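Me: I am new to this structure. Please take me through it in short questions and answers.

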Amino acid sequence: SGIVPFRGENQAGIVTPAQDRLHFAVFDVQTRSRAELIELLKTWTLMAERMTTGREATPGGAVGAGAYTPPTDTGEALDLSASRLTLTIGFGPSLFTTPDGGDRFDISARKPKALVDLPKFTGDALEPARSGGDIAIQACADDPQVAVHAIRNLARVGFGVVSVRWSQLGFGRTSSTSTSQTTPRNLLGFKDGTRNIKAEDRDTVDKFVWVDRADDQPWMAGGSYLVTRRIRMLIEPWDRTSLHEQERVIGRTKGSGAPIGGRDEFDELDLQSKGPSGPLVDTDAHVRLASAEELGGIQILRRGYNFTDGSDGFGHLDAGLFFIAYCRNPQTQFVPMQNNLARNDALNEYIKHVGSAVFAVPPGLGPQDYWGSTLF
Ligand code: HEM
């Protein structure tokens, strides 16, 4: 049917088989009124639920509200199907406490311990205009116009209460999150998502993705944490690198995606065996350094997208991976993993992290709930 249920135990858009397109938007809250913020979250929830079923954002909509008022839906999705649209909300650390310790919305006591700004990692070149923010909305769909329409309409009604801080379009998922999907490729040309957590593996998802009631703040039970990193790829140097070097850097072969030393994509990643010139999988290969074996068992759910935002004015493509990860605790999962990669990964020669953010993603919605109702 192309419709992903909006309500449920967990928010959609996390273990939902990754759709092809992304529009990710981050807002800063302008109002200081708790009531006004809650009112917007309620309005957003109604609109989001309608749009995920392929309906217009509001009753009346694009042409039904009369000729003499601005339409209450922008109209560009009128003839399009729901396209598996999911809308997922998250709350950033700055919503709970401002840098001077302020508590704008009377929620600082409910700030989860796990929700703090990420530390600075080696090599980070973060742009403030692409980082942080109070509220994130991730729109994923199989049709880019459906995802863009959803964000556009939510931003439109938010006018005066929130303002867009930054946003990112993504095309081409870079991960599979379900065993029903084939593994896509990222812009380095490698299959990406082979050893990702898959929705079907319920125990692993429970262990590494969903927050348990006992973990931290009870309002987060059934939620997760979202980490985004805008990772620019230094495409031109990469494209002048030999295939052998590319495969050494990743630790897998480019054609089949098989681990070095294996034949097929899903062959076991062999981190022990040695070849004539050292370990089969190099000591600084990306897949070794990111592996659970290397990190005391840690895993994360990856759900990123390719991006190309034209060129950068110096003749280089502004392209890369808009990395999205979901985890039960970013401090004990994403942070140690990224620390290891930032310090040692052979891939660092070809990438640069330019944006970063972290959000608490509340649990799914029951019939009467709105976005954030367990928090407020
Ligand atoms: C695996 C590419 C950034 C975590 C892989 C694979 C590729 C890849 C091709 C192998 C296929 C697979 O198992 O999915 C990239 C590129 C990146 C990037 C091009 C940046 C532009 C990151 C970051 C993290 C990360 C920032 C987390 C901090 C992982 C993990 C695996 C993986 C956990 C699976 C390792 C395993 O257990 O085999 N990546 N990656 N990657 N990557 Fe990345």
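Me: Is Trp44 buried or exposed?

Reply: This is a predicted model: local features need pLDDT of at least 70, side-chain atom pairs count only at pLDDT 80 or more, and totals for chains, interfaces and linings use all residues. Residues are numbered from 1 along each chain as its sequence is written, and side-chain values use heavy atoms, with hydrogens and water left out. Buried means under 20% relative accessible area, exposed over 50%, partly exposed in between (1.4 Å probe, protein chains only). Trp44 has a relative accessible area of 0%, so Trp44 is buried.

Me: Which residues touch the most other members of the largest nonpolar core?

Reply: A nonpolar core is a set of buried Ala, Val, Leu, Ile, Met, Phe, Trp, Tyr and Cys residues joined through side-chain atoms within 4.5 Å. The largest one has 80 residues. Its top members by this count are Trp44, Leu87 and Trp371.

Me: Which helix gives the largest share of this core?

Reply: Helices (H or I, at least four residues) and strands (E, at least two) are DSSP runs, numbered from the N terminus. The largest share is 8 residues. They come from residues 34-52, helix H1.

Me: How are the rings of Trp44 and Trp371 arranged?

Reply: Rings of Phe, Tyr and Trp (its six-membered ring) pair if their centres lie within 6.5 Å; planes under 30 degrees apart count as stacked, over 60 as edge-to-face and the rest as tilted. By this rule there are 12 aromatic pairs. The Trp44 and Trp371 centres are 6.4 Å apart with planes at 80°, so this pair is edge-to-face.

Me: How many residues apart in sequence are the parts that this pair ties together?

Reply: Trp44 lies in helix H1. Trp371 lies in the segment after strand S11 (351-361). The pair therefore ties together parts whose separation in sequence is 327 residues.

Me: What is the angle between the planes of Trp238 and Tyr350?

Reply: Trp238 is in helix H5 (residues 235-239), and Tyr350 is in the loop between helix H8 (334-344) and S11. Both residues are buried. Their rings form an edge-to-face pair, 5.1 Å centre to centre, with the planes at 80°.

Me: Why is strand S5 largely enclosed by the rest of the structure?

Reply: Side chains in a regular strand alternate between the two faces of the sheet. On one side of S5, Ser224, Leu226, Thr228, Arg230 and Arg232 are buried; on the other, so are Tyr225, Val227, Arg229, Ile231 and Met233. S5 (residues 224-233) is largely enclosed because its buried residues number 10 of the 10.

Me: Which residue in S11 is the bridge partner of Leu226?

Reply: Two strands pair if DSSP finds at least two bridges between them. S5 and S11 pair in the antiparallel sense over 10 bridges. In S11, Leu226 is matched with Phe359.

Me: Which residue is the only protein donor of the iron atom of the ligand?

Reply: Donors are N, O and S atoms within 2.8 Å of the metal (3.2 Å for Na, K and Ca); water is not among the atoms, so sites may look incomplete. The donor atom is NE2, at 2.1 Å. Its residue is in helix H7 (residues 286-289). This residue is His286.

Me: Which backbone nitrogen does the side chain of Thr177 reach?

Reply: Thr177 lies in the loop between strand S4 (162-173) and helix H4 (202-208). With a relative accessible area of 0%, Thr177 is buried. At 3.1 Å, its side chain reaches the backbone nitrogen of Ala18.

Key: A polar contact is a pair of N or O atoms within 3.5 Å; within protein, one must be able to donate a hydrogen and the other to accept it, and residues adjacent in sequence count only if both atoms are side-chain atoms.
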